[in-house]
Amino acid sequence: MLTVTRVPPPSPLQWVSLLTAAFLVLPTGYITYVAVTAAPAVWTRLWSTRIPELLGNTLSLAVSVALTTFVLGVSLAWITVRYEFPGRRMWEWALALPLAMPTYVLAYVYAHLIGMGGPAEQWWQMVLGPDARLPSPQSFVGVTIIMSLDTFPFVYLLVRGALQNLNISFEEVARACGISPWVTLRRVTLPLIRPAMAAGLALVVLYVISDFGAVSLLRYQTLTYAVYQQMTSRYDHTAASILSLLLVIMAIVFLATERWFRQRSRFYQTSGRYRRSTRQHAGLLGTALLTGYVVLVFAAAFGIPAAMLIQWSIDAILQGALDARFLGFIWNSTFLAALAACGAVIIGLPLAYLASRRPTRLNIACLQAAYAGYALPGPVAALAVLVLFTHFAPALYGTVVVLIIAYILHFLPVGLQSMEPALQQITPNVEEVARTLGCTTRHMLRRVTLPLVRNGFIAAWVLMFLQTMKELPATLLLRPVGFDTLAIRVWLEASEEYYQLAAPAALLIVLLSLPALMLLVSNDWRGHAQEGAR
Amino acid sequence: MSSPVEARRMAVFPRTLYVLTLLLALSVLGPWPLLTAEAGDKLVVYSGRAERLIKPVLDEFQAKSGIQIELLSSGTTELVNRLQAEGDHTPADVFLTNDAGSLEHARELKLLRPMNMREVERAIPSQFRAADNSWIGLSGRFWIVVYNTNLVKPEQIKSLLDLGQPQWKDKIAIPNSGSEYLQAGVSVIKTTFGDDRTKQFLQGLKTNAGSQVYQKSSQIVDAVAKGQVAAGIVNHYYIYRHLAAQPTAPIAAVMTDQQEGGMGAIMNVTGIGVTRASKHVESAKLLIEFLVAQAGQKLFADLDKEYPLHPDVKADPALVDRRSFRAALVPLAKLAELREPTLTLIEQVGLR
C-alpha cells in the first residue's frame, strides 16, 4: 500500500489535465498560426504604422492601472482588516461592489458626467468661471482612473483574504523581538501577503490588457481595441491575429514574471496555532480620515455610477423600456454565467491541483496553457472557437455550448488565479498524512483537500460568474440567434447612445451580480472554516 | 479494488461537484429550449443596423404576414464574417445592413442568393441593386458634414476635402477607420480624385482630428453640438436624430461637393439580401416585397430619417430635399472591390 501511494502511476488526472490544456491552447495556436504565416509585408506595415503606439499605450496603461489598484487595493484591505471604524462591516463588502459594475458602464457614466458639457463640468464652471475645464475622461489619466476604480477590488479582495488568514503570531513574534512596526510590515507582513498581491495585480493587468468595452468608449487605443477594430472592419484576420499574438506574448511574459515572484515565496499556513489580528481604533481624526477615504473610493467606483443608472433606469422604465423579454435576458445571462463558472471550476481543478501539488515541468506547462486564453482578446477567442467548431463540430455550432466554451477559455485564468493560491496554502504534509493513512487520491481530495480549498474555489466561481455576466465581445460574436443577454442589451442600446435605455439592463447586471458578490465577501464561510480548523 | 469500495467512493464524491457536473452536462446534452424553437419556421434576420431602427418594421411585417422573425443585431463586417464562417450551416435567412460594399462583398463570397422578383425591379432603380438582385437597396443615406452653427459659417465648408486643410486643426471629429461608412466614403473620394489627393486629404484629417476619433457617428454629432469640435463627418440622419432629442442644439448639415463639376454628396444604401443557405426563401421574398412596397419604404426610411429609394415615396419633410443636391457617381456595387485598396491607403496614412 505504502509503495503504491509513494510512487503513483501516471494518474488519470494527469491525462485529464493534458487533454484540457491541449484543448485550451487550440485557439491560441490557431491565432499564432495565422499570424506567423502572414505575409512579411503585413508585419512591416503594422510595425511601421500601428504597433509602436499600441504597445506603448497598452503597456503604460497596464502599469499605471496596476500601480493605482495596488495602492487602492492594499490600503483598503489593510484598513478594513486592521482598523475598526463606523460601518466597517458594511464597507467591507461594499468595497467589492465595483466588481459587479461592468467597466463599459462605468466608462459611459463617467464620459457623461465629467465629459464635455456634462453635469460635473457645468458645476465646475459655475464655481470657477465659464472657461474652466475638467480633465477629460478620454485621456490617459481618465482611462487609468476609470479602469482602476473598476478593478481595484481584485487586489482588495485577495489581499484582504490573505490578511485575514494571516497568523498574527508572526507579527507578534517580530514585535516581541524588538523590531519596529515598519520593519515588521516590510519584513514579515508584506512578504506573507505578497502572493495575494501578485495574484491580484495579475488579474488587474490581464483585465486591463484584454478590456475592450471601456477603452473603446473612452477612445483609448490599446492592442485589444485595435484588434476589435481590425476584426470588425476587415474580412481578413491576419492583422488582427498579429496584434493578438503580441497581446498573448505580453500576457505570457507578464504571467511568467508574476509566477516567478510567487514561486520564490511559498508559505504554508499552520492553522493549529492560528490567531486572528485584533482591530485598532485610529483615534477620532484618524477614524474620520479612514472613513472619508473609504467612502470616497466607494462613491467614485460604485455609488455615483449606480445612482446614475437608477435615475436613467427610472426614466427608461417610464418610457416603457422594460418589457417581458427582459425575463428571458435575465435567465440567459444568469444561466450562462453560472454554467460557465461551474464548467471552469471543474476544468480548472486538475490543472491547478497538479501544478501546485506536483509541479513537474509538464504540469506547469499545462497550467500556463490555460492562462493563454485570458490574453486572447474576447473577439479573437470567439473567432477561433467559431472557426474550430464550424470545421470540426458543426452540429454544436450555434448552440450555447460554443459560447460557454469561449467563456471558459477566456475566464478560466481568473478562476485559476484564486484556485492556485488556495491549493498552495495547504501543507503537503496534511495530504501526505492522509495518504499514509490509506486514503486514495479521490478520498483524500474529498476529505482533506477540497474542504480546505473550498473558500478559494468559491472565490474562483464567483469571479468567473461575475466576469461572464459582463462579457461582451465574445457574446456578440457567438450568441445563438434570438439569444440575447443583458450585456448584449446594454451594448445594443449604449453603442447607439441610448444611455437611458441601456440603463435598466446595466442595472440588472449589477443586481444579479450582488448575491454572488455577497457570497464572495461574506465572512460566514470563511469564519466557519477557521472555526472548524481551530 | 472491489466494487463495494468503488461504490462507496462514488457515493461520497462531493455533492457540490456532482451538482456542478450535472449542470454542465445539462448544457451540453439538454436541448436548449430556445434552440429547438430556432430550428423551426422562423425567419432569421442578421442585421447590421441598430436594432431600434429595424425592429419596428419587422414587428409590423410579423403582424401582417404571421411569419415569425428572429433578429440578430451586430456589426456589419462581423456579420459578413459570421456568415462566411457559418457557411452552409448558417441559421440566417436574410442579411440586412447599412453598407452596399459589405452586401456586394457578401455576394462575391457567394453568401447571397440571386433573386428574380418583379416587385423589386419595379420599385427600386437598378443602380441601387446588385446586378443579379442578390442584394437590394432599401434606403439611401449621405455622408455629410455637421457643423456647430455658433462656430462655423456654412460657406466655410464647400467640399468634404476642405476638412483636410490646416485651418481645421483640432476643430473636427471623424469616425474611426473601422467604420464601413468611412471606408465607403474614402473609396468614392479615391475614385474621384485619385490616390495622391486622397492620401493628402486623409493625412490632413488625421492631423486635424487628433484624438477626436469616434466609434459612433452619434458621438460626433454630440461633440459638435457641445462645441467640443466645430465640425465633423457623419451620416446625415444622426443630425436629425440629435435634433429630435434636443431641438435647440446648434447644429446643421452641409451637403458637400455640390459646386459645378464637384464630386457630389457621397451616398450609401441600406440593403437586404437572402442567404444562399436559406431554407425559407418564400418567407424571405415576402419580407422583401413588404419592404420595397410604398408603405414599407415609407416606414423603413422614416424610422431612421433616410431617403426612400422607391421613386414615388417621399422622404421625411425634415430632410434636405433630395432633388436639391447631387450624389456622387461611383456605382455602389464598386464599393466592394474598392474597399481593399482603400483600407491599404487608410493604413498607410495610419488613421486610427
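What follows is a chat between a biologist and a modeller about a predicted model with chains A and B.

Biologist: Let's start with the overall make-up of chain A: how many helices does it have?

Modeller: Chain A is 534 residues, and 52% of them are buried. Among its contacts between residues at least 6 apart in sequence, 82% join residues at least 24 apart. Its strands number two, and its helices 24.

Biologist: And chain B, how many strands there?

Modeller: Chain B has 352 residues, with 51% of them buried. For contacts between residues at least 6 apart in sequence, 76% link residues at least 24 apart. Next to 13 helices, the strand count is ten.

Biologist: On to where the chains meet. Which element gives the most to the side of chain A that touches chain B?

Modeller: In that interface, 44 residues of chain A are in contact with 51 residues of chain B. Several helices of chain A each supply at least two residues, including H3 (40-49), H12 (223-233) and H20 (441-470). By class, the chain A side has 21 nonpolar, 15 polar and eight charged residues. With five residues, the element that gives the most is H15(A).

Biologist: Now the inside. Which helix provides the largest share of the largest nonpolar core?

Modeller: That core has 184 residues, and those with the most contacts inside it are Val159(A), Ala340(A), Val385(A) and Ala406(A). The largest share is 17 residues, and it comes from H18(A).

Biologist: Take Ala406(A) from that list. Which residues does it contact, beyond its neighbours within four places in sequence?

Modeller: Ala406(A) is among the residues with the most contacts inside the core, and so is Val385(A). Those two are also in contact with each other. The full set for Ala406(A) is Ala381(A), Ala382(A), Val385(A), Ala474(A) and Leu478(A).

Biologist: How do H6(A) and H8(A) lie relative to each other: parallel, perpendicular or oblique?

Modeller: The axes of H6(A) (residues 103-114) and H8(A) (residues 140-165) come within 10 Å and cross at roughly 140°. The cut-off for roughly antiparallel is over 145 degrees, and 65 to 115 is roughly perpendicular. The crossing is right-handed. That angle makes H6(A), relative to H8(A), oblique.

Biologist: Which residues of H8(A) does H6(A) meet?

Modeller: The residues in this contact divide into six nonpolar, one polar and one charged. H6(A) brings Thr103(A), Leu106(A), Ala107(A) and Tyr110(A). In H8(A) they meet Ile146(A), Met147(A), Leu149(A) and Asp150(A).

Biologist: H8(A) has another partner, H4(A). How many nonpolar residues are in the contact of H4(A) with H8(A)?

Modeller: H4(A) covers residues 51-82, and its axis comes within 6 Å of that of H8(A), crossing at roughly 45°. The two are therefore oblique to each other, and the crossing is right-handed. Besides nine polar residues and one charged, the contact has a nonpolar count of 16.

Biologist: Over in chain B, how are H8(B) and H13(B) arranged: parallel, or some other way?

Modeller: Their axes come within 10 Å and cross at roughly 5°. The contact residues divide into nine nonpolar, six polar and five charged. Angles under 35 degrees count as roughly parallel. The verdict for H8(B) and H13(B) is therefore roughly parallel.

Biologist: Glu180(B) caught my eye. Is it buried or exposed?

Modeller: Glu180(B) is found in H8(B), residues 180-209. It touches Thr76(B), Thr77(B), Asn98(B), Asp99(B), Gly101(B) and Ser102(B), not counting residues up to four places away in sequence. Thr76(B) is 104 residues away in sequence, but 7.9 Å away C-alpha to C-alpha. With 24 other C-beta atoms within 10 Å, and a cut-off of 20 or more, Glu180(B) is buried.

Biologist: What about odd backbone angles: what is the phi of Lys110(B)?

Modeller: Most residues other than glycine have a negative phi. Lys110(B) sits in the loop between H6 (100-108) and H7 (118-123) of chain B. It is exposed, with 11 other C-beta atoms within 10 Å. Its phi is positive, near 60°.

Biologist: And Asn133(B), buried or exposed?

Modeller: Asn133(B) also has a positive phi, about 60°, although it is not a glycine. It lies in the loop between H7 and strand S4 (136-148) of chain B. Given 21 other C-beta atoms within 10 Å, Asn133(B) is buried.

Notes. Residues are numbered from 1 along each chain as its sequence is written. Chains are lettered from A and ligands numbered from 1 in the order in which they are written. This is a predicted model: local features need pLDDT of at least 70, side-chain atom pairs count only at pLDDT 80 or more; totals for chains, interfaces and linings use all residues. Two residues are in contact if their C-beta atoms, placed from the backbone, lie within 7 Å. Helices (H or I, at least four residues) and strands (E, at least two) are DSSP runs, numbered from the N terminus. Ala, Val, Leu, Ile, Met, Phe, Trp, Tyr, Cys and Pro count as nonpolar, Asp, Glu, Lys and Arg as charged, and the others, Gly among them, as polar. A nonpolar core is a set of buried Ala, Val, Leu, Ile, Met, Phe, Trp, Tyr and Cys residues joined through C-beta atoms within 7 Å. A residue is buried if 20 or more other C-beta atoms lie within 10 Å of its own, exposed if 12 or fewer, and partly exposed in between; C-beta atoms are placed from the backbone. Axes are lines fitted to C-alpha atoms, for helices over the stretch in contact, and angles run from 0 to 180 degrees between N-to-C directions. A crossing is left-handed if the near helix is turned anticlockwise from the far one by less than a right angle, and right-handed if clockwise.
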